[in-house]
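Thanks for passing this one along. Here are my notes, point by point, to read beside the model.

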Amino acid sequence: MKTVEKTSLPTFPFTAIVGQEEMKLALQLNVIDPKIGGVIIMGDRGTGKSTTIRAIADLLPEIEIVKDDPFNSHPTNPELMNSSVLEQFRNNETIETELVNIPMVDLPLGATEDRVCGTIDIEKALTEGVKAFEPGLLAKANRGILYVDEVNLLDDHLVDILLDSAASGWNTVEREGISVRHPARFVLVGSGNPEEGELRPQLLDRFGMHAEIRTVKDPELRVKIVEERTAFDQN
């Protein structure tokens with residue numbers, strides 16, 4: 001039986017992105033110091049918002065996490081551990097680790113609160129008769145980047161959840177008698193097109209940085225953009 005190897009599409013390199021210096025600087029500062037509070041990037045379509053965000057995530061070094069841990073728990077920092085790993089740590093138990101790429105999590109516009117925060121694992125409840133927690137996108141994004149495209153179109157309630165978690169560094173979920181609290185420290189990056197919907201002032205106030213970008217109109221830079229993209233596609 002043949003095994004199928006998983007292959008990932010190559011990411012356009014960050015250093016090959018032409019122009020948009022304000023956006024690139026804002027992203028660099030946030031990955032260096034996540035305490036800045038995230039960045040929201042507003043600009044027209046085709047200005048490279050998504051490409052730049054994915055490119056900088058590809059540049060970041062691998063991180064060490066507890067093996068098979070859905071929360072990307074840190075093996076030595078109690079502030080970045082879920083409760084079960086923290087208990088192992090306090091009992092001086094051996095904790096297996098592994099190196100993984102910095103998590104880059106996309107939050108789709110149609111996501112529900114359960115999908116974002118986590119919910120009851122129905123499968124385990126039905127098959128094993130136990131109440132178990134199924135982690136959401138906030139758990140996957142811990143110690144990584146959470147990217148929200150078209151953030152200006154996202155439901156207000158979900159935006160508040162994301163901003164609260166990003167500010168506190170924790171996500172607390174209470175469902176059907178289960179109470180789970182896990183670390184949710186991530187760089188929150190939002191992008192949007194102002195033509196598709198206005199950005200609420202209170203939303204803008206809660207992001208640490210705001211970058212506005214415009215379509216590159218300089219003929220020489222536009223030629224360079226095409227050349228860089230062509231070289232990437234052909235390599």
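1. Let me start with one pairing to look at on screen: the bridge partner of Asp-106 in β7 is Tyr-147. Please keep in mind that this is a predicted model. Asp-106 closes the short strand β4 (104-106), and three bridges join β4 to β7 (residues 144-149), with the two strands running parallel.

2. That pair belongs to a wider sheet. Five strands form an open sheet with parallel pairing, in the order β4-β7-β10-β1-β11. β4 and β11 stand at its edges with a single partner strand each, so one side of each has no neighbour in the sheet. On average, neighbouring strands are turned by 20 degrees against each other, direction ignored.

3. Two helices are worth viewing against this sheet. Helix α1 packs on it, touching β1, β7, β10 and β11, and the direction of α1 makes about 155 degrees with that of β11. Helix α2 also packs on the sheet, touching β1, β4, β7, β10 and β11; here the angle is about 170 degrees, taken with the direction of β7.

4. Strand β7 deserves a paragraph of its own. Besides its bridges to β4, β7 is joined to β10 by six bridges, again in parallel. Across that pairing, Ile-145 stands opposite Val-187 in β10. How many of the six residues of β7 are buried? Five are, which leaves the strand mostly covered.

5. On to α1 itself (residues 21-32). Its length checks out: at 1.5 Å a residue, 12 residues should span 16 Å, and the end C-alpha atoms are indeed 16 Å apart. Buried in this helix are Met-23, Lys-24, Ala-26, Leu-27 and Asn-30. Seen down the helix axis, the buried residues fall within an arc of 165 degrees, so they line one face of α1. Glu-21 and Ile-32, on the other side, are exposed.

6. What do the buried residues of α1 pack against? Their partners are β1 (39-43), α2 (49-59), β10 (186-192) and β11 (209-213). The contact with α2 can be followed through Thr-52, which is found in that helix. Thr-52 counts as buried because its relative accessibility is 0%, the cut-off being under 20%. Leaving aside neighbours within four places in sequence, Thr-52 is in contact with Phe-14, Ile-17, Met-23, Lys-24 and Leu-27. Met-23, Lys-24 and Leu-27 are among the buried residues of α1.

7. Just past that helix, have a look at Pro-34, which sits in the loop between α1 and β1. Pro-34 has a relative accessible area of 43% and is therefore partly exposed. The C-alpha atoms of Pro-34 and Ala-211 are separated by 16 Å, with these positions 177 residues apart along the chain.

8. Helix α7 (residues 156-168) passes the same sort of length check: its 13 residues should span 18 Å at 1.5 Å a residue, and its end C-alpha atoms are 18 Å apart. At the start of α7, a side-chain oxygen of Asp-155 reaches to within 3.0 Å of the backbone nitrogen of His-157. The buried residues of α7 are Leu-158, Val-159, Ile-161, Leu-162, Leu-163 and Ser-165. They pack against α4 (113-117), α6 (137-141), β7, β8 (170-175), β10 and α8 (201-206).

9. The far end of α7 rounds off my list. Ser-168, in helix α7, is partly exposed, with a relative accessible area of 43%. A polar atom of the Ser-168 side chain lies 3.2 Å from the backbone oxygen of Trp-170. Gly-169 follows α7 and has a positive phi, near 85 degrees. As for a longer-range distance, the C-alpha atoms of Ser-168 and Phe-133 are separated by 21 Å, the two residues being 35 apart along the chain.

Conventions. Residues are numbered from 1 along each chain as its sequence is written. This is a predicted model: local features need pLDDT of at least 70, side-chain atom pairs count only at pLDDT 80 or more; totals for chains, interfaces and linings use all residues. Side-chain values use heavy atoms; hydrogens and water are left out. Helices (H or I, at least four residues) and strands (E, at least two) are DSSP runs, numbered from the N terminus. The expected span of a helix is 1.5 Å times one less than its number of residues. Buried means under 20% relative accessible area, exposed over 50%, partly exposed in between (1.4 Å probe, protein chains only). The arc is that of the directions from the helix axis to the C-beta atoms. Contact means heavy atoms within 4.5 Å. Two strands pair if DSSP finds at least two bridges between them. Axes are lines fitted to C-alpha atoms, for helices over the stretch in contact, and angles run from 0 to 180 degrees between N-to-C directions. A polar contact is a pair of N or O atoms within 3.5 Å; within protein, one must be able to donate a hydrogen and the other to accept it, and residues adjacent in sequence count only if both atoms are side-chain atoms.
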